[in-house]
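Here are a few quick notes on this one, jotted down as I went through it. Have a look at the model first, then read on.

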Amino acid sequence: MKVSTSFTPADQFPVLLERIEHREKSARSRAVLYSLLPVALTVVLLGYTAASVRNAQKQVNALKTEATTYTTQIDTLKKNAETYKTQSQSLQGDTENYKNQVTELQAQLAEAQKALSEAVNLSRAVHPIDYVNAKEFASHFPGSESLLLDVLDLRQRRIKWKLGGQSPQEGFDSPSFAMYILRQKRASGIEVRPESLSEASRSLYDKLPPTTQPRTGDLVFYPAGYAMFYFADPREGPFVLGMTPFGIAALKSDFAKPVGYRQVQWR
């Protein structure tokens, strides 16, 4: 007897239901999966975007920090450049000052060398004279003692050299000293107000009459601007007495070539 394996409609219904449910579950699963997939992708994209934004923000912040650092460095360099510029200008000014100081020192050195050379030359021409000599001169040249003593008294007081000076307290140059003595001794033709002594001394050479044979008490003028009183020493030879840059000194009359002689009329 042959057994039939086909199902009857009543037997197939549960199977069909099971298949339908299975398919519905699969469909729902697929639907859920398909609906979640965009969300998941969106979340992933949002996360990636957020991470990228954060990284970008970090890079921007880092660049801002570097920019701030560079700006600070640039400002510092500018300040340093200004400082160096100021220092350079200051150094240039110091250099000019040093140059001026060197020039001034060189001029002073040249003047000192000139004065030293002149001092050496004058020291070789010094003529010894003191109060004892004044008595001897009085015997040979009446009237000269007073002049000699007055000059020696001023030398004893160490009257100093002063260009354009007009008093013993201030000092004298050579012509103003000669003019001071002439005024004090009231030499003829010499009328000078006290305040104009320096001015009058500059024209002293023109005020007095010239002579080619000087006598004791006359004035001898020399190229360096010296105006010295002439004395005829019978033993040591003639000498001159007056103010020099090294004080009142007696020098041999030929210590330099005279410019000329001027006669003084003593009262």
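1. One term before anything else: a residue counts as buried when its relative accessible area is under 20%, as exposed when over 50%, and as partly exposed in between. On that scale, 27% of the protein's 267 residues come out as buried. Keep in mind that this is a predicted model.

2. On to the surface. The protein's accessible surface adds up to about 18,600 Å², and carbon and sulfur atoms account for 57% of that area.

3. The secondary structure is easy to read off. There are six helices and six strands, and going from the N terminus the order is α-α-α-α-α-α-β-β-β-β-β-β.

4. What about contacts along the chain? Take the contacts between residues at least 6 apart in sequence: 55% of them join residues at least 24 apart.

5. How many salt bridges does the count come to? Just one salt bridge turns up. It pairs the side chains of K185 and D150, at 3.0 Å from N to O. K185 sits in the loop between helix 4 (174–184) and helix 5 (197–202), while D150 belongs to helix 3 (residues 144–156), so the pair ties together parts that are 35 residues apart in sequence.

6. Are the two partners buried or exposed? Neither label fits, because K185 has a relative accessible area of 22% and D150 has one of 28%, and buried would need a value under 20% and exposed one over 50%. Both K185 and D150 are therefore partly exposed.

Methods. Residues are numbered from 1 along each chain as its sequence is written. This is a predicted model: local features need pLDDT of at least 70, side-chain atom pairs count only at pLDDT 80 or more; totals for chains, interfaces and linings use all residues. Side-chain values use heavy atoms; hydrogens and water are left out. Helices (H or I, at least four residues) and strands (E, at least two) are DSSP runs, numbered from the N terminus. Buried means under 20% relative accessible area, exposed over 50%, partly exposed in between (1.4 Å probe, protein chains only). Contact means heavy atoms within 4.5 Å. Accessible areas come from the Shrake-Rupley method with a 1.4 Å probe; for residues, only the protein chains shown count as cover. A salt bridge is a side-chain nitrogen of Lys or Arg within 4 Å of a carboxyl oxygen of Asp or Glu.
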